[in-house]
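Colleague: Got a minute to walk me through this one? I'd like to know what stands behind the labels.

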Amino acid sequence: MDLLLEMFSFTFMIRAVVVGLLVSLCASLLGVSLVLKRYAMIGTGLGNVGFASMVSATAFGLSHLALAISMPVVVVAAFLLLRVSESSKIKGDSAVALISASSLAVGVIIVSQTTGLTLHVCSAMFGSILAMTQADLQLSVGLSIVVLVLFVLFYKQLFAVTYDENFAKATGTRIQVYKSLLAILTAVTVVLGMRMMGALLISSLIIFPALSAIRVCKSFLSVVITSAVISVACFFVGIVLSFGYDLPTGASVVGINLVVFLLLSGVNLLRQGGKI
Amino acid sequence: MALITCRDASFAYEGRTVVDGLNFEVQTGDYLCIVGENGSGKTTLMKGLLGLMQPKSGTIETGDGLLPTEIGYLPQQTSAQKDFPASVFEVVISGRLNSRGILPFYSRLDRQIALDNMERLGVLHLRQKSFRELSGGQQQRVLLSRALCATHKMLLLDEPVSGLDPLATIELYRVIKSLSEETGITIIMISHDVRSAVEYASQILHLQNRQVFFGPAAEYVQTDVGKRFLGEGGAPNGSSS
């Protein structure tokens, strides 16, 4: 309790917790669709694109605009990833690897030619809760709410497109619209979460809660709700631990998520064992 | 006027013609079976009928007030769907998506229609179950309920019995036949299983990268191509190699 009181006496911690909870919520909801559609790697790819755009912004002295510059770049990358992974020439996972590695390479080259591998680069890769400014907070809260509202409004379309694209298309759903929506929302979430979680770890926020929920839930709605609860809870425990024991925030959150995933996988195994 | 009229249609993938010379009509209440070997153009034609692919030449027209979005579709299942966490009810009601349009959530009417269709196909008691826990035959009936939620005019079934055991296969054929007789819904089915096709369907369309037969099933069995194909289809394990 004392720890929590102490934690919330710092303005930067309050900001970090508010933004983190909202981003975790968005990421976990979108993650369900992405994981089930086998698009989970998109998070990793977008994280790397975000890294490149963010360090570039800083390198050119525009660090105060880093979020605003990264957003459109990552949205475009998300579109590209979806489009490319659908064309028969280069298949999904290779397309993601292609874009991830090349953007990382561009980022590293720009950094080496300008600022060099500084603390700033390190925090872009592994996250830092100190990076959050008041303006970032407002932007993050606003966009997270937009993501959540759109997710709820288009929930049934997202289900249909995730579950059975062919059927949805055949019965007249414009699936490209909803896949693009999914890509844009994911891109926004990745950029918002990247500051705190780090470019290399943000994808876990999308993948882990959904994977854990899929282990134990039987219906789509229960997967979505469980994933959201797991994500928010893991983030909170993770950030408290990181504050209490002076651990990196992003890594702590991922660690807690991993523990939950292993626990639920164990539960699932026991259940199946009981059935046979 | 026919529900679907296909005139001199051909389909091509990347410039290479897969199937051509398509001339047939589907009337309301027909039960048409499209047969042919692998790669003979069956699935391509189905994509054309669903409006997912445009004919390279010729035309496919819908009539009798049938909108292209009013075709219920039972696709072949993908591997991703086999372990998808969704309840039976969630799957079935997703068939109502396009009647609902842009409005969020489903209405009470949508729910009622979904429940009615599950009852018609005898899967109402499974509605809380997870789709991935069902048997193959149950899964197909759930997907049929979903297709019926999307339409009451025409169903397109893509190899609906593939992967089912013999008992479930017979049962599914009976379910489809009784749907056709009781509701008068038009059915177009792709099938490998030419023996069952002539037994249950009213019309046969045989493809071999072109149309080799179109007409009543009773006539088909008298033709040379029909006899030959039936002979092959009767080989052990019913394989149609």
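Modeller: Sure, rings first: those of Phe, Tyr and Trp (its six-membered ring) pair if their centres lie within 6.5 Å, and planes under 30 degrees apart count as stacked, over 60 as edge-to-face and the rest as tilted. A:F151, A:Y155, A:F159, A:Y163, A:F220, B:F84 and B:F131 form one aromatic cluster. As for ground rules, this is a predicted model, where local features need pLDDT of at least 70 and side-chain atom pairs count only at pLDDT 80 or more, while totals for chains, interfaces and linings use all residues. Residues are numbered from 1 along each chain as its sequence is written, chains are lettered from A in the order in which they are written, and side-chain values use heavy atoms, leaving out hydrogens and water.

Colleague: How many aromatic pairs does that rule give over all chains?

Modeller: The count is 15. One of them joins A:F154 and A:Y178, at 5.7 Å centre to centre with 50 degrees between the planes.

Colleague: Why is the pair of A:F154 and A:Y178 called tilted?

Modeller: Because its 50 degrees is neither under 30 nor over 60, the pair is tilted.

Colleague: And what makes it a link between distant parts of the chain?

Modeller: A:F154 sits in the loop between α7 (134–153) and α8 of chain A, and A:Y178 in helix α10 (residues 175–197), 24 residues apart. Helices here are DSSP runs (H or I, at least four residues), as strands are (E, at least two), numbered from the N terminus.

Colleague: Why is B:T151 called buried?

Modeller: Buried means under 20% relative accessible area, exposed over 50%, partly exposed in between (1.4 Å probe, protein chains only). B:T151 has 5%, so B:T151 is buried. This residue lies in the loop between α6 (136–150) and β6 (154–158) of chain B.

Colleague: What makes B:T151 and B:K153 a polar contact?

Modeller: The term needs a pair of N or O atoms within 3.5 Å; within protein, one must be able to donate a hydrogen and the other to accept it, and residues adjacent in sequence count only if both atoms are side-chain atoms. A polar side-chain atom of B:T151 lies 2.8 Å from the backbone nitrogen of B:K153. For the backbone nitrogen of B:M154, the distance to a polar side-chain atom of B:T151 is 3.4 Å.

Colleague: Which residues does B:T151 touch, not counting those up to four places away in sequence?

Modeller: B:E70, B:I71 and B:G72, with contact meaning heavy atoms within 4.5 Å.
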